[in-house]
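Trainee: I have a model open on my screen and would like to practise reading it. Could we go through the terms one by one?

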Amino acid sequence: MTIEYLLRGLLIGVIFGVPAGALGALVIQRTLEHGPIAGLLTGLGSSIADTIYASLCVLGSGLISGVLKTYNAPITIAGGIVILTLGIFTVRKQGMRVNDGNKNYLSDLGSGFGIAIMNPGMILLFLFACNLTHTHSPYPLASAIPLLIGAFVGTFIWWIILSGLMSLLRKRITDRVYTTLNKVLGTILIIFGIFVIFDALRTLF
């Protein structure tokens, strides 16, 4: 039973943690500029936040879930503003400033966590992944723990793959290509941030 739920959690994590949108762009940008550790830590922050939301579903914390649903719009708007700001800074970066000595690892971890935790809609995505894999509550503790461990590992696998691929390409990227990539990735962040903000505002009116 433990192995079964660990494998189910792993599959849920792979579905749950597809590196799209703002965090995917951010992991790519940080890996290219500061190296794979910076990218991995950004992704790790996201995986921790995803696992927290998954635990709310698995362990059935109705009070916290209720609070998140009540304040879903303002939390999401705050997340959208953070994403939008990161996008603006990314678009404005010029030239290849590779810095393997970057020591802002806590900042990388914290920003990845912050962006992901400001998206309460991840609860719905986790429930969708559970339904897709036919993994349904209630979850006894003996099943919940391996399920959550599997979900965490599954989400983090994506960040290992993405940062690894970007690390391989990193040394081949010229200043011009890097500047263009920053504009593309920054634009993705800006568009995603604007969409998140307007979508949250729409629910208020």
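**Reading the helix packing**

Mentor: Happily. Let's begin with one pair: α3 and α6 cross at roughly 35 degrees, and their axes come within 7 Å. Keep in mind that this is a predicted model.

Trainee: What makes the contact between α3 and α6, residue by residue?

Mentor: On the α3 side, the contributors include Ile37, Leu41, Gly45, Ala49 and Tyr53. On the α6 side they include Tyr105, Asp108, Gly112, Phe113 and Ile117. The crossing of these two helices is right-handed.

Trainee: Why are an angle and a distance both quoted for two packed helices?

Mentor: Because two packed helices are described by the angle between their axes together with the distance between those axes.

Trainee: Why is α3 called roughly antiparallel to α8?

Mentor: Set the value against the cut-off. Helix α3 (residues 36-58) packs with α8 at an angle of about 155 degrees, the axes being 9 Å apart. Angles over 145 degrees count as roughly antiparallel, so α3 is roughly antiparallel to α8. The crossing in which α3 passes α8 is right-handed.

Trainee: And what are the angle and the distance between the axes of α1 and α8?

Mentor: Helix α1 (residues 2-16) packs with α8 at about 35 degrees, with 6 Å between the axes. α1 also passes α8 in a right-handed crossing. The residues of α1 that meet α8 include Tyr5, Gly9, Ile12 and Phe16, and their counterparts in α8 include Pro146, Gly150, Val153 and Trp158.

**Buried residues**

Trainee: How do you know that Ala49 is buried?

Mentor: A residue is buried when its relative accessible area is under 20%. Ala49 has 0% relative accessibility, so Ala49 counts as buried. This residue is found in helix α3. Leaving out residues up to four places away in sequence, Ala49 touches Phe113, Ala116 and Ile117. Its C-alpha is 8.5 Å from that of Gly112, although the two are 63 residues apart in sequence.

Trainee: Why is Val58 put in the buried class?

Mentor: Because its relative accessible area is 5%, and the cut-off is under 20%. Val58 also lies in helix α3. Val58 and Ser143 are separated by 85 residues in sequence, yet by 9.4 Å from C-alpha to C-alpha.

Trainee: Why does Met166 count as buried?

Mentor: The same test applies. Met166 has 15% relative accessibility and therefore counts as buried, since the limit is under 20%. Met166 is found in helix α8. Beyond residues up to four places away in sequence, Met166 touches Ile28, Thr31 and Leu32. There is also a pair to check on your screen: Met166 and Val27 are 139 residues apart along the chain, and their C-alpha atoms are separated by 9.0 Å.

Trainee: Arg30 has a charged side chain in my textbook. Why is Arg30 called buried or exposed here?

Mentor: Let the value decide. Arg30 has a relative accessible area of 10%, so Arg30 is buried, as the cut-off is under 20%. Arg30 lies in helix α2 (residues 21-34).

Trainee: What makes the link between the side chains of Arg30 and Thr42 a polar contact?

Mentor: The distance between the side chains is 3.1 Å, and a polar contact needs a suitable pair of N or O atoms within 3.5 Å. Apart from neighbours within four places in sequence, the residues in contact with Arg30 include Gly35, Leu86, Asp108 and Ser111.

**The cores and the whole chain**

Trainee: Which residues touch the most other members of the largest nonpolar core?

Mentor: Ile28, Leu32 and Trp159 do, in a core of 19 residues. The elements that give two or more residues to this core are α2, α6 (105-117), α8 (141-170) and α9 (175-204). The largest share, 7 residues, comes from α2. Another core of 11 residues lies apart from this one, and among its members are Ile12, Ala54, Leu56 and Leu148.

Trainee: How many helices and strands are there in the chain?

Mentor: The chain has 9 helices and 0 strands. Of its 205 residues, 44% are buried. Among contacts between residues at least 6 apart in sequence, 92% join residues at least 24 apart.

Definitions and conventions: Residues numbered from 1 in each chain as written. Predicted model: local features only at pLDDT ≥ 70, side-chain atom pairs only at ≥ 80, totals over all residues. Heavy atoms only, no water. Helix = DSSP H or I, 4+ residues; strand = E, 2+ residues; numbered from the N terminus. Buried < 20%, exposed > 50% of the residue type's maximum accessible area, 1.4 Å probe, protein only. Polar contact = N/O pair within 3.5 Å; in protein donor to acceptor, adjacent residues only side chain to side chain. Contact = heavy atoms within 4.5 Å. Core = buried A, V, L, I, M, F, W, Y, C linked by side-chain atoms within 4.5 Å. Axes fitted to C-alpha atoms, helices over the stretch in contact; angles between N-to-C directions. Parallel < 35°, antiparallel > 145°, perpendicular 65-115°, else oblique. Left-handed = near helix turned anticlockwise from the far one by under 90°.
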